Amino acid sequence: MKTARRERAATHTAARLSWRGWSVLWRPRAVLASAAVVLVALGFALVQLGVGDYPMSPGEVLATLTGNRGAAQEFVIFDLRLPRLLTAGLVGLALGASGAIFQSVTRNPLGSPEIMGFTMGASAGAVATVLVFGGQEGSGMAGALVGGFATAATVYGLANRRGIQGFRLILVGIAATALLDSFISYLLLRARLQDAESAYTWLVGSLNGADWQQVQIIGLTVCLMIVPVLAIGNQMRLLEMGDDLAQGLGVRVKPTRLRLLLIGTVLCAGAVATAGPIAFVALAAPQIMRRLTGGSVSIVPAALMGSLILIVSDLAAQRVWPDSQMPVGIPTLCIGGTYLAWLLYQQSRASRL
């Protein structure tokens, strides 16, 4: 009841901005929360660019970014640290947006791509391509896309019985995740030890060795999805009200849902191909922003929170044990696992009331 009242209050404070025939509905609280997340993310980004074996103050970092420092500082920032930071931010954006889409489609806070099997499908496609076909350049991205789309089509087809129900979609996704996990384990057992160790590190989710090529891959993925995401955002919120009501308001339910699944799968596959299956970012980011904004799940705020979570997690992965290259998936597992336990506890309390 309290959550419903907060969401109604947030809806009443919404405003509409119109310009030359274009109209955008926005809520001041959501804008302020998103701006605060961006500022915090920029602060952590500045810290991350300055820490390491070659420490730099924030002033030195800013001077280097503007081209007012020497070759050594520019090498450290532009060749070593900035690609990893941008990769973390863009992968977080993709995962946060993907999580918001799938949670909206399923109308369930547990409807994230890793629980529904799409992340595991992309991982299985990438691992199979690399281990079976020799890991040619760009093959991981292609394999992740094929695996993600194949899993999405299979899960959607099996769950589509007299209409889509979010709970059924999640159950089918959980079963697909178990099968794909077994398939990946089989591939790892058949692979050479060196290849298996490399694939296992990647399967945890890692930004170690991120370069400008990875920035280009995930950057292109995010840029290609920006326009359709923004164009379909209002229809996504109408779908959350139920198929009958959304159809009554003029939404073509099945085509819209398919487009949302397509966009979410592309974002998920791009993130997986770039940094591996980083867990719980897509699950936690939309729900955290939902509580900060007091409204429904929104794509842009969730994407910004996903970027913040991954930047903070990567900073923790680098500095908790500076002498070891900890995969970024380990801190996100700690953050996401804690959040998942809290979410299940809250739902359990709500069901008893």
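User: How many helices and strands are there in the protein?

Analyst: Keep in mind that this is a predicted model. Going along the chain, you meet two strands. The rest of the count goes to helices, so to speak: the tally is two strands and 15 helices.

User: What is the mean pLDDT of the protein?

Analyst: Let's start with the share of residues that reach 70 or more, which is 87%. Then there's residues 1-12, where the pLDDT is below 50. That stretch has 10 contacts in the model beyond near neighbours in sequence. Over the protein, the mean pLDDT is 80.

User: What percentage of the residues count as buried?

Analyst: Here a residue is buried if it has under 20% relative accessible area. The protein has 353 residues to sort that way. The share that counts as buried is 48%.

User: Which atoms supply 65% of the area that the protein exposes?

Analyst: The protein exposes about 17,700 Å². Split that area by atom, and the 65% share comes from carbon and sulfur.

User: Of the contacts between residues at least 6 apart in sequence, what percentage join residues at least 24 apart?

Analyst: Begin with contacts in the protein whose residues are at least 6 apart in sequence. Now keep those that join residues at least 24 apart, and you're left with 73%.

User: How many cavities of 30 Å³ or more turn up in the whole structure?

Analyst: Rolling a probe the size of a water molecule over the atoms shows where empty space is left. The largest cavity has a volume of about 40 Å³. The second largest holds about 30 Å³. With that cut-off, the search finds two.

User: Which element gives the most residues to the lining of the largest cavity?

Analyst: The lining includes P286, M289, R290 and T293, along with P301 and A302. Two elements give two or more residues to it: helix 14 (299-319) and helix 13 (281-293). With four residues, the top giver is helix 13.

User: How many charged residues are in the lining of the largest cavity?

Analyst: Sort that lining by class and you get five nonpolar residues and three polar ones. For charged residues, the count is one.

User: Which elements give two or more residues to the lining of the second largest cavity?

Analyst: This cavity is lined by S104, V105, R107, M236, L239, R257 and L260. By class, that's four nonpolar, one polar and two charged residues. The elements giving two or more are helix 4 (71-106), helix 10 (212-239) and helix 12 (253-275).

Note on methods:
Residues numbered from 1 in each chain as written. Predicted model: local features only at pLDDT ≥ 70, side-chain atom pairs only at ≥ 80, totals over all residues. Heavy atoms only, no water. Buried < 20%, exposed > 50% of the residue type's maximum accessible area, 1.4 Å probe, protein only. Contact = heavy atoms within 4.5 Å. Areas by Shrake-Rupley, 256 points an atom, 1.4 Å probe, with all protein chains shown as cover. 1 Å grid on protein atoms, 1.4 Å probe; cavity = no way out; pocket = protein on both sides within 12 Å on 5 of 7 lines; lining within 4 Å. Points joined across faces, edges and corners; volume = space filled by probe spheres on them. Nonpolar A, V, L, I, M, F, W, Y, C, P; charged D, E, K, R; others polar. pLDDT = per-residue confidence, 0-100.
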